[in-house]
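Subject: Structure handover

Hello,

Here is the structure we discussed, with the sequence alongside. My notes follow below it.

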Amino acid sequence: MADEASKAYTPGEVETKWYDRWVEANCFRGDEKGDGEAYSIVIPPPNVTGILHLGHVLNNTIQDILARRARMQGKEVLWLPGTDHAGIATQSKVEQKLRKEDKITRHDLGREKFLEKVWEWKEEHGGIIIQQLKRLGCSCDWSRERFTMDEDYYKWISKIFVDLYEEGLIYRGKRMVNWCPKSLTALSDEEVIMKPQKKSKLYYMRYRIAGEDDRWVEIATTRPETLMGDTAIAVNPKDERYADLVGKKAIRPFPEAEIPVIADDHIDPEFGTGVLKVTPAHDKNDFEIGQKNDLEIIDVFNPDGTLNELAGPDFEGMDRFKAREAAAEKLDEMGQLVKVEDYENAVGYSERADVPIEPRISMQWFMKYPCTDEAKAAVANDEIAFRPVHHKKTFANWMDGIQDWCISRQLWWGHQIPVWYKKDKAEELQAMESLSADIAGDDIYVAVEPPSDESEWVRDEDVLDTWFSSWLWPFATMRSCEEDSTDTLAKFYPTADLVTGPDILFFWVARMIMAGYRWQGELPFKNVYFTSIVRDKKGDKMSKSKGNSPDPLDLIADYGADALRFGLLRIAPSGTDVKYDENQVKEGRNFATKLWNAARYREMQGEVTSDVTTVENPSIFAIDILAKLDQLQKDLEESYGEYKFNEVAQRLYDFFWSNYCDWFLESAKGDFADDADPAAKAATCATMDVVLRRYLMLLHPYMPHLTEELWDRFSFGEEGTFLMNTAIPTDSVLGDISATDVEAAQTQVAAIYEAVGRARNLKATYQLGASKDITFIIDPEGDVESALEVFGKLAGAKEVKVEAGYTAEKGVPVAICSIGKVYMPLDGLIDVDAERERLGKELGKAEKELEKVEAKLSNDKFVNNAPEKVIGEMRERKEHWAGRVDELKGMIDGLG
RNA sequence: GCGCAGGUAGCUCAGCGGUAGAGCGACUGGUUUACACCCAGUUGGUCGGCGGUUCAAUCCCGUCCCUGCGCACCA
């Protein structure tokens with residue numbers, strides 16, 4: 001055994017020590033040739049620019065728990081880690097740095113040089129989150145770490161692009177897309193978040209009708225800054241108010257022009273004035289109206305959200321929001337602004353850049369999803385099980401309304417689209433309104449490798465959406481696109497569990513399922529566990545900008561990784577959000593300390609019997625705790641089966657703190673007295689060893705470092721082995737003790753513990769909580785001799801006497817328990833009034849219970865309808881409470 | 001607007017037809033030879049509102065009110 005442990009557990013050194021040893025011993029390696037049943041998880045690759053936040057902690061701790069538990073079930077485990085190149089985020093970060101340090105833009109450098117800078121940045125900062133995951137204790141197979149920009153992975157992206165292009169599922173077209181004026185790229189629908197705008201305004205303005213004297217039409221809009229791009233005004237065809245206007249022209253105030261008045265079903269006569277200004281270049285619906293009615297498209301914006309020369313000299317170069325005010329002002333000056341109302345609407349924001357997106361017509365690549373039917377069916381019939389299940393419905397809804405995916409991004413950092421245009425026709429081809437395999441013919445080259453005569457071609461400049469690489473993650477990390485299969489894939493695919501946040505259900509999970517079917521011919525994972533979102537105490541989502549997100553590394557430094565893991569998991573319910581509070585981590589730390597001290601206490605009693613698995617001649621208290629340990633193991637099994645990680649943690653906590661430390665250890669302390677029976681001492685030590693040994697195994701997935709440390713201190717494992725790789729036995733720790741004996745012992749122990757509780761209560765009532773100078777007299781029910789010592793010890797008594805039929809003096813406090821009546825005579829301290837009050841209170845409670853039961857039993861309907869069992873229970877209860885009431889009344893009477 | 005969660009002790013959450021539970025907090029008392037990151041005890045609930053089903057409802061049904069999430073949005 002090691003040197004005597006210190007009173008306080010210091011996790012820091014212990015944790016890094018064990019992590020290093022595990023890594024050195026190659027404990028995390030998932031062996032594709034291993035014999036055990038395979039268990040695999042792929043990590044949701046964190047953003048390479050990212051740093052660890054509490055969401056990661058929760059998510060990755062759950063994965064680590066699953067992986068570690070699977071190893072201890074004897075499985076061959078692969079937890080495959082990696083990072084994501086995060087196109088926009090990473091590129092922005094590097095651009096920001098260039099702007100700050102060198103005062104240059106990426107265009108000053110050129111594509112190639114810029115990408116070199118990004119790689120440099122990645123090499124320097126990209127590993128941070130991986131280091132942080134290691135500090136958390138994550139048992140990933142680091143030898144297989146992947147990055148979405150790795151060469152093999154890059155090829156995969158090109159290959160699937162080519163596949164889908166040839167299949168006709170990928171095409172290019174000029175469409176209305178979500179444009180981010182800050183990142184200067186198109187975004188997919190999923191990257192746009194609708195945010196309610198409480199301070200919007202609805203501007204009412206009037207346009208003059210051409211060819212008529214002083215006839216005006218009133219229009220309501222939230223975006224007067226786009227009116228320069230108006231190419232029509234529209235009314236509902238059924239709207240009689242404006243029927244005669246249809247076919248006429250209205251005058252757009254600036255730049256002044258005549259635009260047609262058209263009729264379209266889309267217009268809601270109830271809204272505003274029932275007249276819509278149609279700006280096909282700047283609104284999705286307007287664009288459709290424009291298409292239907294063959295309207296001119298005038299784009300008055302620059303890509304960065306400023307207005308261009310088509311908006312006229314007053315507005316050219318002005319920011320869109322400034323232009324909104326300026327346009328309204330100008331209308332006002334012209335006498336054409338009727339009124340401005342406060343208005344609330346919702347506007348789409350760029351998820352990453354957090355600026356309002358601009359609907360914009362541009363040339364982009366789109367994809368129709370493959371294997372949607374398989375994906376839908378797999379989730380609907382639980383081949384892929386979602387937890388919590390309600391996410392199934394969200395998934396089904398999204399799949400049913402699925403839209404083509406805009407996959408091109410106007411960025412440099414990412415997977416460049418593997419499309420080359422014939423040099424002499426490039427301009428023409430790139431300007432074509434639509435482009436697909438059957439249209440382009442030989443003038444376009446689409447392949448994984450560049451054309452052999454590359455100088456004759458021009459490559460498409462865009463890169464692909466980052467999620468276009470993530471959706472291959474489960475299999476592209478296990479084989480390259482040039483291999484049909486690999487041993488790793490054969491062993492570990494499909495993966496078992498995917499642990500991720502519900503916020504990326506569409507972005508990632510749904511798409512991975514489709515990709516799995518399309519390229520691997522089967523589902524990518526069998527279970528999806530959606531974690532909770534970590535919020536602060538007030539319920540706000542954690543974010544860097546709010547500053548309400550503590551740095552997990554600080555928490556680890558203060559409390560230890562095990563404490564953070566345990567504390568967070570203990571309060572992480574499935575299905576709802578987690579409200580984080582640092583106190584929970586403190587509780588985790590306290591629990592670690594508790595375990596540490598319980599182990600230390602065992603060390604103080606002498607040599608640990610490292611190989612003992614059952615106890616010889618156990619006391620009833622030993623049998624009781626061993627039985628509870630067996631039950632714990634069964635309960636954990638059940639909780640794990642339902643992925644109730646918080647319940648697992650709570651059960652581990654309750655067993656150890658309450659059952660083992662507060663009750664068993666306290667009951668056993670007598671065995672360590674100088675004059676105690678050596679055989680009893682040995683049995684108790686053996687019980688502690690059996691319990692600690694099994695318990696460390698059960699706790700290990702949650703608190704891997706500390707349990708490994710104690711496992712080592714106690715030499716529970718064989719030389720050169722680790723707890724983390726030790727299979728948990730499934731046999732009972734009770735050995736061959738008969739079920740009858742176990743039940744008898746547990747009943748007896750429960751009765752003693754109950755009596756202890758009541759005795760403590762009596763002491764506390766009389767302000768004697770700490771006093772040991774108390775004698776209890778028991779008027780027993782049955783044989784209580786064997787209980788006396790422990791009862792006295794736990795209740796804190798000087799002496800316990802047994803006197804059958806004991807008649808107490810007036811006013812002696814008493815507790816009625818299943819072991820008998822427990823009297824607490826107080827020489828010279830009897831306070832008759834206090835005891836009367838106390839008994840009166842108890843009587844009140846008992847009478848209330850009795851009333852409730854009697855009411856039920858006197859109800860014919862209840863007696864006639866309720867099941868026998870329930871009626872029987874009620875009768876027993878009535879008897880119990882009636883007896884109790886009688887007893888209490890007798891006692892109160894006895895007080896005089 | 002549609003859909004999905006959730007509303008239980010001061011806080012965080014279990015329970016989901018038959019006596020309302022835990023942890024933390026608060027309060028009281030404690031150096032009992034592992035642990036004050038501790039021990040013992042106490043307090044604390046019209047189980048969101050209103051109806052209904054049932055012998056019996058926190059639990060099932062309806063409805064309404066709040067909170068969060070997703071989807072669609074009238075410019």
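Which residue follows α17, and what is the sign of its phi? The residue after α17 is G521, and its phi is positive, near 75°. Please keep in mind that the model is predicted. Helix α17 itself covers residues 505-520 and is mostly covered, with 14 of its 16 residues buried.

Salt bridges

Searching the whole structure gives 45 salt bridges. Three of the pairs are described here.

E191 pairs with R409, and their closest N and O atoms are 2.7 Å apart. E191 sits in the loop between β6 (185-187) and β7 (192-209), while R409 belongs to strand β17 (residues 408-409), so this salt bridge ties together parts that are 218 residues apart in sequence. Both E191 and R409 are buried.

D244 and R215 form another salt bridge, at 2.8 Å from N to O. D244 is in the loop between β9 (232-235) and β10 (249-252), and R215 is in the loop between β7 and β8 (216-221); the pair therefore ties together parts 29 residues apart in sequence. As for exposure, D244 has a relative accessibility of 41% and counts as partly exposed. R215, at 24%, also counts as partly exposed, because buried would require under 20% relative accessible area.

The side chains of R324 and E225 meet in a salt bridge of 2.9 Å, N to O. R324 lies in helix α9 (residues 320-333) and E225 in the loop between β8 and β9, so the pair links distant parts of the chain, 99 residues apart. E225 is buried, its relative accessible area being 0%. This pair does not stand alone: R223, E225, R320, R324 and E358 are joined into one network by salt bridges that share partners.

Helix packing

Where the chain's helices are concerned, I looked at one pair. Helix α1 (residues 11-24) packs against helix α24 (residues 704-713) at an angle of about 80°, and their axes are 9 Å apart. Angles of 65 to 115 degrees count as roughly perpendicular, so α1 and α24 are roughly perpendicular to each other. On the α1 side the contact is made by V14, E15, K17, W18, Y19 and W22. On the α24 side it is made by P704, H705, E708, E709 and D712. By type, the residues of this contact are 5 nonpolar, 1 polar and 5 charged.

Regards

Key: Residues numbered from 1 in each chain as written. Chains lettered and ligands numbered in written order. Predicted model: local features only at pLDDT ≥ 70, side-chain atom pairs only at ≥ 80, totals over all residues. Heavy atoms only, no water. Salt bridge = Lys/Arg side-chain N within 4 Å of Asp/Glu carboxyl O. Helix = DSSP H or I, 4+ residues; strand = E, 2+ residues; numbered from the N terminus. Buried < 20%, exposed > 50% of the residue type's maximum accessible area, 1.4 Å probe, protein only. Axes fitted to C-alpha atoms, helices over the stretch in contact; angles between N-to-C directions. Parallel < 35°, antiparallel > 145°, perpendicular 65-115°, else oblique. Contact = heavy atoms within 4.5 Å. Nonpolar A, V, L, I, M, F, W, Y, C, P; charged D, E, K, R; others polar.
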